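Student: Hi! Could you walk me through this one before I set anything up?

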Amino acid sequence: MASIRTEIPLRAPPDRVWDALRDFGAVHRRVAPGFLLDSKLDGDGVRVVTFANGAVARETLVSTDNESRRLVYGIINQQFQLYSASVQVFPGRDGSRLVWIIDLLPDDYLDYVNQMVAQAVAAMKKTLE
């Protein structure tokens, strides 16, 4: 199983970053606009996101923990055998630190997902700061 761990230092208070991240249906506006073009809620705890490259993913909310500022989601029934991700916000030196962990199978998708993460991080940093 491949894992990607990304830490993003942000010049914004943890509560403000968490407020945006936990808004599951508004990720395309509040977290990564430009990287994500749209996000539509489809039932309880499911969002369908459209990426700038035309890809579409159906993401299921697994858990939201306000106390630890942690959100977990997964992608089910697509090209991935497994795709599980968590985002968590911690107090940082000059604001906050966002930790994004993705576990996925098959490993063949690692390079593709790494490229997507790099694009997402640029959009997230710009928006969340």
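Tutor: Happy to; we'll go from the overall fold to a single serine.
Tutor: This is a predicted model, where local features need pLDDT of at least 70, side-chain atom pairs count only at pLDDT 80 or more, and totals for chains, interfaces and linings use all residues. Residues are numbered from 1 along each chain as its sequence is written, and side-chain values use heavy atoms, with hydrogens and water left out.

Student: Cool. How many helices and strands does the protein chain have?
Tutor: There are three helices and seven strands, counted as DSSP runs (helices H or I, at least four residues; strands E, at least two) numbered from the N terminus. Their order from the N terminus is β-α-α-β-β-β-β-β-β-α.

Student: And what does the C-alpha trace span along its principal axes?
Tutor: About 40 × 30 × 25 Å.

Student: How much of the protein chain is buried?
Tutor: Of its 129 residues, 43% count as buried, meaning under 20% relative accessible area, with exposed over 50% and partly exposed in between (1.4 Å probe, protein chains only).

Student: Switching topic: where does Ser63 lie?
Tutor: Ser63 belongs to strand E4, which covers residues 56-65.

Student: Why is Ser63 classed as partly exposed?
Tutor: Because its relative accessible area is 32%.

Student: Which residues does Ser63 touch?
Tutor: Leaving out residues up to four places away in sequence, Ser63 touches Arg70, Leu71 and Val72; contact here means heavy atoms within 4.5 Å.

Student: And how far apart are Ser63 and Ser86?
Tutor: They are 23 residues apart in sequence and 9.2 Å apart in space, C-alpha to C-alpha.
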